[in-house]
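Biologist: Could you take me through the reasoning behind some of the labels in this model? I'd like to see each value set against its cut-off.

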Amino acid sequence: MENVLRPLIVLGGSVAITLAAGWLLDLLLRRADARHHETPLWGLLRRCRIPFQLVMCAALLRGTYAQTRLGAVRDHHVGIGRLLTLVLIGASAWLVVRSAIAVVDSVYARYAAAHNRDPARVRRVRTQVTLIQRVVVAVVGIVAAAAMLLTFPAMQTVGTSMLASAGVLGIVAGVAAQSTLGNLFAGLQIAFGDMVRIGDTVVVDGEWGTIEEITLTFLAVRTWDERRITMPVSYFTAQPFENWSRGGAQMTGSVYFHLDHSAPIAAMRDKLRDILGDCAAWDGRNWSLAVTDTTPTTIQVRAVVTAKDADDIWTARCAVREQLIGWLRDHHPYALPRVATAPAALPPGDTWPSVPLNGRDDKPTSGWDKAPRTGRG
């Protein structure tokens, strides 16, 4: 009878204590969350309930398993104990990661709420927080995996041998993982060097898009047509790129027109002012219209507009281009560039000058009809 009751008491007691501790922890966190509305930390820590219960259950079973005295599994006592140890290590790592993420997310949420009028600073902190979370997860995972391997006696011998030859292994690993390590350090440099942030508008390799994700090894750019461009983070530390959000989101855009020399510039300037007055994307800071270049057949007119961010500057430029061209087409069609398809007319009494085809000026010919026939095509 004792052989039956003892295992039931040990196993059932461990499970009961685990469930009670998890319920009590969740109750305390809910009450703390209700009292402190200014911080989301207590609500976020409730995500740690399951890993906490798993850690407690594994620790209780690991410490009391020897008291069960199960004769049928006595031969597997070492294996079951090692299994419980592995579960305990893995659950502890899970709990540490969940707790760290909850703390970091809470700090970021409070910072974002306090600086909601400065989106550039919030994006910078978000980028740093994201990379810090990834570093913590990677470090905890590596430590947990190493601790699991060291529970096996054979791996302890291998670990001793690896430490003895750490110098050679370090050189080999450094050469083999040069690209990976370069991206890793580039990711940290981006996070804390404030070069590019999540949400920034950039132009990379001629592609315009928004930074959607930054990891320790790669960076994802979401283009205007919903494509994703994945690039190594080392590219942004070694190659030049355009960051339209750097130094503020406000932007100035230009629209170019190639028009006839008779284009009504003053009337165009008045029309541009009316167009911008009805354009919600224009922020009202500045605008202008001027002739910036001329050619023998056309003039180049540049309209300059401003907007609060990259999306609005694109909308404002498209609106100005579309409405000004439509206005010129409907009211001043002569201002649009034209391509001459017929020879120019000569004044009365004038004739085309004859072109000497024989290379001598003393006896010019009057045209191809009077050119000497040489027999050559």
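Modeller: Gladly, and keep in mind that this is a predicted model. Let's begin with the cysteines.

Biologist: Why is C48 called buried?

Modeller: Its relative accessibility is 5%, and buried means under 20%, so C48 counts as buried.

Biologist: And what makes C57 buried?

Modeller: The relative accessible area of C57 is 19%. The limit is under 20%, so C57 is buried as well.

Biologist: How many disulfides does a search of the whole structure find?

Modeller: Zero. A disulfide would need a pair of cysteine sulfur atoms within 2.5 Å, and the search of the whole structure turns up none.

Biologist: On to the sheet, then. Why do β6 and β7 count as edges?

Modeller: The sheet is open, with three strands in the order β6-β8-β7 and antiparallel pairing. β6 (251-259) and β7 (287-294) each have a single partner strand, so one side of each has no neighbour in the sheet. On average, neighbouring strands here are turned by 25° against each other, direction ignored.

Biologist: How do you know that β6 and β8 pair?

Modeller: Pairing requires at least two bridges, and β6 shares nine with β8 (residues 299-307), in the antiparallel sense. As one example, Y256 has R302 in β8 as its bridge partner.

Biologist: Which helices pack on this sheet?

Modeller: Helix α10 (residues 265-277) touches β6, β7 and β8, and its direction makes about 145° with that of β7. Helix α11 (residues 310-331) also touches β6, β7 and β8, with its direction at about 20° to that of β6.

Biologist: Why are α10 and α11 called oblique to each other?

Modeller: Their axes come within 10 Å and cross at roughly 135°. Roughly perpendicular covers 65 to 115 degrees and roughly antiparallel starts over 145; the angle falls between those ranges, so the pair is oblique. The crossing is right-handed. In the contact, A267, M268, K271, L272, I275 and L276 of α10 meet A319, V320, Q323, L324, W327 and L328 of α11.

Biologist: Last one: what makes β3 and β4 a pair?

Modeller: Again the requirement is at least two bridges, and β3 (residues 218-223) and β4 (residues 228-232) have five, in the antiparallel sense. V221 stands opposite I229 in β4. Their hairpin has four residues between the strands, and E226 takes a positive phi near 70° there.

Definitions and conventions
Residues are numbered from 1 along each chain as its sequence is written. This is a predicted model: local features need pLDDT of at least 70, side-chain atom pairs count only at pLDDT 80 or more; totals for chains, interfaces and linings use all residues. Side-chain values use heavy atoms; hydrogens and water are left out. Helices (H or I, at least four residues) and strands (E, at least two) are DSSP runs, numbered from the N terminus. Axes are lines fitted to C-alpha atoms, for helices over the stretch in contact, and angles run from 0 to 180 degrees between N-to-C directions. Contact means heavy atoms within 4.5 Å. Buried means under 20% relative accessible area, exposed over 50%, partly exposed in between (1.4 Å probe, protein chains only). A crossing is left-handed if the near helix is turned anticlockwise from the far one by less than a right angle, and right-handed if clockwise.
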